[in-house]
Amino acid sequence: MKKILFSIILLSFVSLSFGSSKPSPDEFAKNVISVGVVVSDLETSLDFYTNIIGMTKVGGFTVPAEKSAYLGLTDHKEIVITTLKLEDSANATEWKLMTFGGKATHPKQKFIDNDTGIQYVTINVFSIAPFLKRFKENNVKILSAEPSVLGNDRFLLLVQDPDGTFIELIGGK
């Protein structure tokens, strides 16, 4: 009986001492998430995200092949990264376009359920009208009905970037 009681007390102590603690918001140095998007053609993607979507280029850098292998990012491939934001401010999400100089090894998705992982992003805008105009001027295929009504004077446009990432724009008319 003493052994069972001792075991219960020991297990309770171990559980309290080494159990997982609840994550806390004060563990994060920034309140934004940077998203890395691998693209096959950096210039084409830069054109899409800056001239059609309207993001701003705020920087860029290269991770040499040896460093990227050391960090566990690639199998000894250089990474060229260009950082974009919707606005150039400290609290704006970073959209990092990354290229390895090659095409994807899988086909472009036709629908968001064709693959796992991040399939689409939502960008909230004041009005979808200027986006609709730029999409038409640049022959960007609009996948949603032009535009889809969400109710309460909210509308949605759905397109894909040059590599197939779905971009959902939600805003007023």
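Which residues in helix 2 meet Phe131, Arg134 and Phe135 in helix 4? Keep that one in mind while you get your bearings.

**Before you click**

You're looking at a predicted model, in which local features need pLDDT of at least 70, side-chain atom pairs count only at pLDDT 80 or more, and totals for chains, interfaces and linings use all residues. Residues are numbered from 1 along each chain as its sequence is written, and side-chain values use heavy atoms, with hydrogens and water left out.

**Stop 1: the whole chain**

Color by secondary structure and you'll find four helices and eight strands. Helices here are DSSP runs of H or I with at least four residues, strands are runs of E with at least two, and numbering starts at the N terminus. Trace the chain along its sequence and the pattern reads α-β-α-β-α-β-β-β-α-β-β-β. Of the 173 residues, 32% count as buried, that is, under 20% relative accessible area with a 1.4 Å probe, protein chains only.

**Stop 2: helix 2 and helix 4**

Now select residues 42-53 (helix 2) and 129-137 (helix 4). Their axes sit 10 Å apart and the packing angle is about 135°. Axes are lines fitted to C-alpha atoms, for helices over the stretch in contact, and angles run from 0 to 180 degrees between N-to-C directions. That makes helix 2 oblique to helix 4; oblique covers whatever is left once you take out angles under 35 degrees (roughly parallel), over 145 (roughly antiparallel) and 65 to 115 (roughly perpendicular).

Show side chains, and here's the answer to the opening question: Asn51, Ile52 and Ile53 are the helix 2 residues that meet Phe131, Arg134 and Phe135. Contact means heavy atoms within 4.5 Å.

**Stop 3: the four-stranded sheet**

Next, pick out the open sheet made of four strands in the order 1-4-3-2, with mixed pairing. Two strands pair if DSSP finds at least two bridges between them. At the edges are strand 1 (35-39) and strand 2 (56-63), each pairing on one side only.

Select strand 3 (79-85) with strand 4 (95-99): five bridges, antiparallel. Leucine 84 stands opposite tryptophan 95 here. Then swap strand 3 for strand 1, which runs parallel to strand 4 and is joined to it by five bridges. Look for valine 39, whose bridge partner in strand 4 is threonine 99.

**Stop 4: the two faces of strand 1**

Stay on strand 1 and turn on its side chains. Val35, Val37 and Val39 point to one face and are buried. Gly36 and Val38 point to the other face and are not buried.

Key:
Buried means under 20% relative accessible area, exposed over 50%, partly exposed in between (1.4 Å probe, protein chains only).
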